[in-house]
Structure formats: C-alpha cells, structure tokens
Amino acid sequence: HRIAKSTEFRGKRMAVRAGMHIGPVVSGIIGKTGFAFDIWGDAVNVASRMESTGVPGATQVTADVYELLEDKTAFTKRGA
C-alpha cells in the first residue's frame, strides 16, 4: 500500500484495497491462443469477498489469517 499511496495516476493518488485468506487452491493455465494463469477455490473466493468489503488503503484479512499472523504484525480491528 505504500507504493500506491505515493504514486499518482492522472493527477490522483491511487487507493488500493486487498483481501487475504488462507487455504487450498487449484491453479492452471487457460486459453488456446492467448494464455493466462489463474487460481480457483474457496480460499480465492473468500479473499475476494474480503477485498470487496474492505476499505481503500488497507488489506482486510479473515480470522484464520489473523490467528496465523497476530504475533508477527500489527492489525487494526474492524467490524464486530
């Protein structure tokens, strides 16, 4: 988020939000003429929901991520 806060695009500061969850995923390459790498799974869907309900300039994490990282980084509580 530090890079986004210090970078301007067309005269405006960027406001990036992200979501994070942990769990198994499946990955693969899709396409016949143009190739793209993608990942699928419940963990991806939950992380996407975390991102879409997050606030700009922050990464919203699930309880699972918090429990894994609570002694390694600082978190700001949000919600109930």
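This passage describes a nonpolar surface patch, two loop residues and the largest pocket of a predicted model.

On the surface, a nonpolar patch is formed by Val-25, Ile-29, Phe-35, Phe-37 and Ile-39, which together present about 560 Å² of accessible area. One of these patch residues, Phe-35, is situated in the loop that runs between β4 (26–30) and β5 (36–40). With a relative accessible area of 61%, Phe-35 is classed as exposed, because that class begins over 50%.

Thr-62 likewise belongs to a loop, in this case the one between β6 (59–61) and α3 (63–69). The relative accessibility of Thr-62 is 10%, and the residue therefore counts as buried, the limit for that class being under 20%. When residues up to four places away in sequence are left aside, the contacts of Thr-62 are with Met-20, His-21, Val-46 and Met-50.

The two elements that flank the loop of Thr-62, β6 and α3, also take part in the largest pocket, where each of them supplies at least two residues of the lining. The space within this pocket amounts to about 580 Å³, and its lining is made up of 20 residues. Of these lining residues, Thr-59, Gln-60, Val-61, Phe-75 and Thr-76 lie nearest the centre of the pocket. The largest share of the lining, 4 residues, is contributed by α3.

Technical notes. Residues numbered from 1 in each chain as written. Predicted model: local features only at pLDDT ≥ 70, side-chain atom pairs only at ≥ 80, totals over all residues. Heavy atoms only, no water. Patch = residues over 30% accessible without salt bridge, like charges linked within 9 Å, V, L, I, M, F, W, Y side chains within 5 Å. Areas by Shrake-Rupley, 256 points an atom, 1.4 Å probe, with all protein chains shown as cover. Salt bridge = Lys/Arg side-chain N within 4 Å of Asp/Glu carboxyl O. Buried < 20%, exposed > 50% of the residue type's maximum accessible area, 1.4 Å probe, protein only. Contact = heavy atoms within 4.5 Å. 1 Å grid on protein atoms, 1.4 Å probe; cavity = no way out; pocket = protein on both sides within 12 Å on 5 of 7 lines; lining within 4 Å. Points joined across faces, edges and corners; volume = space filled by probe spheres on them.
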